[in-house]
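The following exercises are to be worked with the sequence and the coordinates at hand. Each task is followed by a solution in steps.

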Amino acid sequence: MTETKPRGELTLRTLAMPGDANPAGDIFGGWVMAQMDLASGIRAAERARGRVVTAAVKEMAFELPVKIGDTLSVYTDIERVGRTSITLIVEAWAHRARYAKMEKVTAGTFIMVALDEEGKPKAVPEE
């Protein structure tokens, strides 16, 4: 089933450049994952009102490649807020300008933990 609409809030957009690609022009999966991690950190830090770190990444699969020149858009949706953790569903979509279409390339579940100034887990504040 092809999804036509991203889930969540647009949190990060960036351009896939030649330095992020293999010789065939496909962007490295690690680069895509790093962008998703950045977006998770942005969204979780806003919700936690402070510092967060990545505790785990689960259930991630690459469905389509990202190519040089694609705009990568990362959407985040807070699925659950625990005492010290925030679980996000993160989707990466490639806007393929030369074809005027946007396709979901991967998704994953990211678990972030809120930290205090000493680097110890702290409670996520109520909204």
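## Exercise 1: A residue of strand β3

Threonine 71 lies in strand β3. The model in which this residue is examined is a predicted one.

Task. Determine whether threonine 71 is buried or exposed, and list which residues beyond its neighbours within four places in sequence are in contact with it.

Solution.

Step 1. The relative accessibility of threonine 71 is 17%. The cut-off for a buried residue is under 20%, and threonine 71 therefore counts as buried.

Step 2. With the neighbours within four places in sequence set aside, the contacts of threonine 71 are Arg13, Thr14, Leu15, Trp93, Ala94 and His95.

## Exercise 2: The overall fold and dimensions

Task. State in which order the elements of the chain run from the N terminus, and compare the radius of gyration with the value for a compact globule of 127 residues.

Solution.

Step 1. The chain contains one helix and five strands. Read from the N terminus, their order is β-α-β-β-β-β.

Step 2. For 127 residues, the radius of gyration of a compact globule would be near 14 Å. The chain has 15 Å, and the two values therefore agree.

Step 3. Along the principal axes, the C-alpha atoms of the chain fill a box of roughly 45 × 30 × 20 Å.

Step 4. Of the contacts in the chain with a separation of 6 or more, 70% are between residues 24 or more positions apart.

Step 5. Of the 127 residues, 43% count as buried. The accessible surface of the chain is about 7100 Å², and 52% of this surface belongs to carbon and sulfur atoms.

Step 6. The chain carries 17 positive and 18 negative charges, whose mean positions lie 1 Å apart.

## Exercise 3: Strand β4 and its partners

Task. Establish how many residues of strand β4 are buried, and describe the pairing of β4 with β3 and with β5.

Solution.

Step 1. Strand β4 comprises residues 85-96. Eleven of its twelve residues are buried, and the strand is thus mostly covered.

Step 2. Strand β3, residues 71-81, pairs with β4 in the antiparallel sense over ten bridges. Within this pair, isoleucine 78 stands opposite leucine 88 in β4. The two strands form a hairpin, with three residues between them.

Step 3. Strand β5, residues 101-114, also runs antiparallel to β4, and twelve bridges join the two. Here alanine 92 stands opposite threonine 106 in β5.

Step 4. The hairpin of β4 and β5 has four residues between the strands, and alanine 100 in this hairpin takes a positive phi near 55°.

## Exercise 4: Positive phi angles

Task. For arginine 49 and glutamate 59, give the value of phi, and then the location and exposure of arginine 49 and of glutamate 59.

Solution.

Step 1. As background, most residues other than glycine have a negative phi.

Step 2. Arginine 49 has a positive phi near 55°. Arginine 49 sits in the loop between α1 (29-48) and β2 (52-62). With a relative accessibility of 52%, arginine 49 counts as exposed.

Step 3. Glutamate 59 has a positive phi of about 50°, although it is not a glycine. In contrast to a loop position, the place of glutamate 59 is in strand β2. Its relative accessible area is 65%, so glutamate 59 is exposed.

## Exercise 5: The segment after β5

Task. Identify what contacts aspartate 116 and lysine 122 make, and relate distance in sequence to distance in space for aspartate 116 and arginine 51 and for lysine 122 and valine 52.

Solution.

Step 1. Aspartate 116 is placed in the segment after β5, as is lysine 122.

Step 2. A relative accessible area of 26% makes aspartate 116 partly exposed. Lysine 122, at 24%, is likewise partly exposed.

Step 3. Apart from neighbours within four places in sequence, aspartate 116 is in contact with Arg51 and Lys122. Aspartate 116 and arginine 51 are 65 residues apart in sequence, and their C-alpha atoms are 6.9 Å apart in space.

Step 4. With the same neighbours excluded, lysine 122 is in contact with Ala48, Arg49, Arg83, Thr84, Ala114, Leu115 and Asp116. Lysine 122 and valine 52 are 70 residues apart in sequence and 9.5 Å apart from C-alpha to C-alpha.

Note on methods. Residues numbered from 1 in each chain as written. Predicted model: local features only at pLDDT ≥ 70, side-chain atom pairs only at ≥ 80, totals over all residues. Heavy atoms only, no water. Buried < 20%, exposed > 50% of the residue type's maximum accessible area, 1.4 Å probe, protein only. Pairing = 2+ DSSP bridges. Rg over C-alpha atoms; globule rule 2.2 N^0.38 Å. Contact = heavy atoms within 4.5 Å. Areas by Shrake-Rupley, 256 points an atom, 1.4 Å probe, with all protein chains shown as cover. Lys, Arg positive; Asp, Glu negative; His and termini not counted. Charge placed at Lys NZ, Arg CZ, Asp CG, Glu CD.
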